[in-house]
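Me: Can you walk me through this one before I set anything up? I'll ask as I go.
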Amino acid sequence: IHFVEHALRRQRVDLSDARSRDMALAKVQAAVEHTPVGGWIIGGGWDRNLWSDPSNPSKESLDAISRVHPIVLDSKDVHTLWVNSLALERAGITPATPDPPGGKIGRDAAGELTGIVGEMPAKRLIWDAVGPPSVETLRAAIVSHAQAGWPEEVCGLLAGHDDSATEWHPGINVSPTPAVAYELDLDTLFK
């Protein structure tokens, strides 16, 4: 079970039911209204193929919602990020930033950044700027997810795919194997 990843996803802006760019932007706007200035707004699930205008979205549409929150929205197929100017800035991405091998930083015909970042080598630049979730974010996500219908017995085994969890926080015991398992004791860790 990818419990931690799923728990964190439930805390983010869910765009999976957005049937238009405007619907997606309205959901992001709602998140802006309860996110402190400077806080990251993270979401995903957008699918431009469902929109009447299937062209790629732009950073300008997100900039119009907020220039004081970095915004990162993963596509449904998780190959593409839609980001605003502040997210690009926080990641150190400029028009002069070269595309990493295997990745693509979207640019228009004039060479200006579009707010589209494709494939993991380029997406990593953004995700590195986002950083790992805080202890508070992990606690809130896991407890909320567990209370939403997961019995405590199920909360003993959580899975991941890499060693990034070892960089997270005390209280999460991570096995040294490539298929990382997180062991959480909700009675002692979150109370």
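Me: Leaving aside neighbours within four places in sequence, what is S75 in contact with?
Reply: Once those sequence neighbours are set aside, S75 is in contact with G45, W46 and T80. Bear in mind throughout that this is a predicted model.

Me: Where does S75 sit, and is it buried or exposed?
Reply: S75 belongs to strand β3, which covers residues 71-75. It counts as buried because its relative accessibility is 6%, and the cut-off for buried is under 20%.

Me: ok, and which side chain does the S75 side chain make a polar contact with?
Reply: That partner is the side chain of D77, and the polar contact between the two side chains is 2.6 Å.

Me: Which residues that aren't glycine have a positive phi?
Reply: V78 is one of them, with a positive phi of about 55° although it is not a glycine, and V78 is found in the loop between β3 and β4, the latter being residues 80-83. E119 also has a positive phi, near 70°, and is likewise a residue other than glycine.

Me: Where is E119, and how accessible is it?
Reply: E119 is in the loop that lies between β6 (113-118) and α5 (120-130). Its relative accessible area is 34%, so E119 is partly exposed.

Me: Switching to the sheet: how many strands, and in what order?
Reply: There are six strands in an open sheet with mixed pairing, and the order is β1-β2-β3-β4-β6-β5. The edge strands, each of which pairs on one side only, are β1 (13-14) and β5 (104-107).

Me: Take the β1 edge. In what sense does it pair with β2?
Reply: β1 pairs with strand β2 (residues 41-46) in the parallel sense, over two bridges, and within that pairing V13 stands opposite G43 in β2.

Me: And β5 with β6?
Reply: β5 and β6 pair in the antiparallel sense over three bridges, with R107 standing opposite L113 in β6. The two strands form a hairpin that has five residues between them, and in its turn G111 has a positive phi of about 90°.

Me: What lies across the strands?
Reply: α5 does: it lies across β2, β3, β4, β5 and β6, and runs at about 105° to β6.

Me: How do α1 and α6 pack?
Reply: Helix α1 (residues 3-10) and helix α6 (residues 135-147) pack at an angle of about 95°, and their axes are 8 Å apart. That angle makes α1 roughly perpendicular to α6, since the range for that description is 65 to 115 degrees.

Me: Which residues make that contact?
Reply: From α1, the contact is made by F3, V4, H6, A7, L8 and R10, and from α6 by T137, L138, A141, I142, S144, H145 and A146. By class, the contact of α1 with α6 has eight nonpolar, four polar and one charged residues.

Me: Last thing, P36: where is it, and buried or exposed?
Reply: P36 lies in the loop between α2 (21-33) and β2. With a relative accessible area of 58%, P36 is exposed, because the cut-off for that class is over 50%.

Me: How far is P36 from H69?
Reply: The C-alpha atoms of P36 and H69 are separated by 8.1 Å, with the two residues 33 residues apart along the chain.

Conventions
Residues numbered from 1 in each chain as written. Predicted model: local features only at pLDDT ≥ 70, side-chain atom pairs only at ≥ 80, totals over all residues. Heavy atoms only, no water. Helix = DSSP H or I, 4+ residues; strand = E, 2+ residues; numbered from the N terminus. Buried < 20%, exposed > 50% of the residue type's maximum accessible area, 1.4 Å probe, protein only. Polar contact = N/O pair within 3.5 Å; in protein donor to acceptor, adjacent residues only side chain to side chain. Contact = heavy atoms within 4.5 Å. Axes fitted to C-alpha atoms, helices over the stretch in contact; angles between N-to-C directions. Parallel < 35°, antiparallel > 145°, perpendicular 65-115°, else oblique. Nonpolar A, V, L, I, M, F, W, Y, C, P; charged D, E, K, R; others polar. Pairing = 2+ DSSP bridges.
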